[in-house]
Amino acid sequence: MTVIAIIVPFVWLLWLALTEWVPMFPLNDLTSGNVRGRVLAASINYPFPLLIAAGVALHRAWSLVAATVLCVLIVIGHLQSWWLPYFGVSTAAQREIYRRDYARTLKILPAEGRDVVIDVQHMVVGVLSLLMLATTLAVTLGG
């Protein structure tokens, strides 16, 4: 399980980098040219999986707890960025970012009456985030 818990953060990072930098419309929509915003998001998000993988690989009690906490923060961030807005809890800034960067991307959830609808690329991020938390937690609790 340790090897899987080290690999999953790299898969998460690869997926993020791929969907944030390689045009694959309608999976993603990079036409807004918001390079500055993507660079900022990358500088914030990309270190997390590296720290998680390192914490699991180090395999010390403190590093495993730290990796698990980082996974929890990622899941909370995902919920706050996508699922809460989908259910109507969003800020004007979130709605503007969604309108600019994600309104034309591929979605499978109902969009009627929603200001923000999570797209497929971010549903995959959510699944990978939960998988990262589950595998990291399994290693942490399994000792």
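## Ile52 and the main core

Leaving out residues up to four places away in sequence, Ile52 touches Pro9, Ala67, Leu70, Cys71, Ile74, Met132 and Thr136. Keep in mind that this is a predicted model. Ile52 also turns up in the largest nonpolar core, a set of 23 residues, where it is listed with Trp12, Val56 and Met132 as having the most contacts inside the core. Four elements give two or more residues to this core: α1, α3 (47-58), α4 (61-86) and α6.

There's another core too, lying apart from that one. It has six residues, among them Tyr86, Tyr98, Val116 and Val117. As general background, nonpolar side chains in soluble globular proteins tend to be buried together.

## How α1 meets α6

Now for the helix pair. Helix α1 covers residues 2-21 and helix α6 covers residues 120-142; their axes sit 9 Å apart, at an angle of about 160°. Since angles over 145 degrees count as roughly antiparallel, that makes α1 roughly antiparallel to α6. The crossing of these two helices is left-handed.

On the α1 side, the contact is made by Thr2, Ile4, Ala5, Val8, Pro9, Val11, Trp12, Trp15, Leu16 and Thr19. Facing them from α6 are Gln121, Val124, Val125, Leu128, Ser129, Leu131, Met132, Thr135, Thr136 and Val139. Sorted by class, that's 14 nonpolar residues, six polar ones and no charged ones. Some names come round again here: Pro9, Met132 and Thr136 are also among the residues that Ile52 touches.

## The loop after α1

The loop between α1 and α2 (35-45) is where you'll find Pro26. A cis peptide bond joins Phe25 to Pro26, with omega at about 15°. For background, most peptide bonds are trans, and most residues other than glycine have a negative phi.

Pro23 is in the loop between α1 and α2 as well. Its relative accessibility is 63%, so Pro23 counts as exposed. Setting aside neighbours within four places in sequence, Pro23 is in contact with Asn28 and Leu30. Pro23 and Leu58 are 35 residues apart along the chain, and their C-alpha atoms are separated by 36 Å.

## His59, between α3 and α4

One more backbone detail: His59 has a positive phi of about 55°, although it is not a glycine. You'll find His59 in the loop between α3 and α4. Is His59 buried, partly exposed or exposed? With a relative accessibility of 29%, His59 counts as partly exposed.

Methods
Residues numbered from 1 in each chain as written. Predicted model: local features only at pLDDT ≥ 70, side-chain atom pairs only at ≥ 80, totals over all residues. Heavy atoms only, no water. Axes fitted to C-alpha atoms, helices over the stretch in contact; angles between N-to-C directions. Parallel < 35°, antiparallel > 145°, perpendicular 65-115°, else oblique. Left-handed = near helix turned anticlockwise from the far one by under 90°. Contact = heavy atoms within 4.5 Å. Nonpolar A, V, L, I, M, F, W, Y, C, P; charged D, E, K, R; others polar. Core = buried A, V, L, I, M, F, W, Y, C linked by side-chain atoms within 4.5 Å. Buried < 20%, exposed > 50% of the residue type's maximum accessible area, 1.4 Å probe, protein only.
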